[in-house]
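Work through the exercises below with the model open. Try each task before you read its solution.

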Amino acid sequence: MPNPLITNTPLQPLRVTVVSIGRSGTSLIARILDEVLGVDFGDEADHIPKNHNNPDGYFENAAFMAFNDRVLQAAGGWVLSPPPIDYPATMPAATFDALVAEAAMLLGKYAGDRPCFGWKDPRLSFSLPVWQAACPNMLPIITFRKPISVLSSIASQLDRPIESLSGLWFAYYQRVFAYTDHLPRYVVSFDDLLADPAPVVMGMARHLGLAVDENTMRGQLAQIVKPQQSRHSSAEINANALPVLDPQTTALFDYLRASTRTGGQPEAEQLKILLR
């Protein structure tokens, strides 16, 4: 359904992906894109169900998630074990082409002729090359959060030692930034979103070419962004968990935090240096 806040419509279909490691605020970003900025994430009946971990919903299409699992399997990885970063070049061409065709079919089925459509799933961090081949004009929204908060949340959710997740945060973003290098990506700090959501959301709107009524938007955000809720808060750093944050992770997070703090964006060349 068109959002009455939106005062202009893109000249070509808008295809938006929310891409990041899980527990980074991707569901909140997707909800804001859907309910405030009018990026349609599809029918709720097609989404994975809400649960106690996320009572507001994940905004993740179940068929897309199942497909992403198959991409990861074909690439030789899974959510806690990233596939080789160069798997698109090493995977048999026939396998890659078949996956691209299936991604295009899924987009045709669920996005159809909707002028603004979005999809999200942490697995997109790894399956992006397939989706990009099927949808070259997609616009990635990349959200990041304090690594220790992310890793603590994943460890708690999966009931596993946080030490077993060492390096995972970096591995995800290494792939995300490599795969989106030539795409019009937009990087969002989850902590900045919690602290002052309106400027962050206005930045996303401008990047997507959507004009919104700012006063009405602020009222909506006040009902959506709840920093006092545990899942909308950033955990304090536990000194005992610091060894899981390797120097590469710390350096990348510090750079992303500094480069986006005042509404800016990270520089591609600096990212390449940090991601080596």
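**Exercise 1.** In which sense do strand β3 and β4 pair, and over how many bridges?

Solution. This is a predicted model: local features need pLDDT of at least 70, side-chain atom pairs count only at pLDDT 80 or more, and totals for chains, interfaces and linings use all residues. Residues are numbered from 1 along each chain as its sequence is written, and side-chain values use heavy atoms, with hydrogens and water left out.

- Find β3 at residues 139-144. Strands (E, at least two residues) and helices (H or I, at least four) are DSSP runs, numbered from the N terminus.
- Check the pairing: DSSP must find at least two bridges between two strands.
- β3 and β4 pair in the parallel sense, over four bridges.
- Phe144 stands opposite Ser189 in β4.

**Exercise 2.** Give the strand order of the open sheet, and state which strands stand at its edges.

Solution.

- The order is β2-β1-β3-β4, with parallel pairing.
- β2 (116-120) and β4 (186-189) each have a single partner strand, so one side of each lacks a neighbour in the sheet.
- Neighbouring strands are turned by 20° against each other on average, direction ignored. Axes are lines fitted to C-alpha atoms, for helices over the stretch in contact; angles run from 0 to 180 degrees between N-to-C directions.
- Now add the helix: α7 packs on the sheet and touches β1 (14-19), β3 and β4. Its direction makes about 160° with that of β3.

**Exercise 3.** Which way do the residues of β4 point, and are they buried or exposed?

Solution.

- Tyr186 and Val188 point one way; Val187 and Ser189 point the other way.
- All are buried, that is, under 20% relative accessible area (exposed is over 50%, partly exposed in between; 1.4 Å probe, protein chains only).

**Exercise 4.** Describe the surroundings of Thr143 in strand β3.

Solution.

- Thr143 has 0% relative accessibility, so it counts as buried.
- Its side chain reaches the backbone oxygen of Ser24 at 3.2 Å.
- The backbone oxygen of Val188 lies 3.5 Å from a polar atom of the Thr143 side chain.
- Beyond neighbours within four places in sequence, Thr143 has contacts (heavy atoms within 4.5 Å) including Ile29, Tyr173 and Phe190.

**Exercise 5.** Which residues touch the most other members of the largest nonpolar core?

Solution.

- A nonpolar core is a set of buried Ala, Val, Leu, Ile, Met, Phe, Trp, Tyr and Cys residues joined through side-chain atoms within 4.5 Å.
- Of 55 residues, Trp119, Val130, Trp131, Trp169, Tyr173 and Leu252 touch the most other members.
- Helix α7 (residues 168-179) gives the largest share, eight residues.
- Apart from this core lies another, of 34 residues, among them Ile29, Cys116, Val188 and Val212.

Terms used
A polar contact is a pair of N or O atoms within 3.5 Å; within protein, one must be able to donate a hydrogen and the other to accept it, and residues adjacent in sequence count only if both atoms are side-chain atoms.
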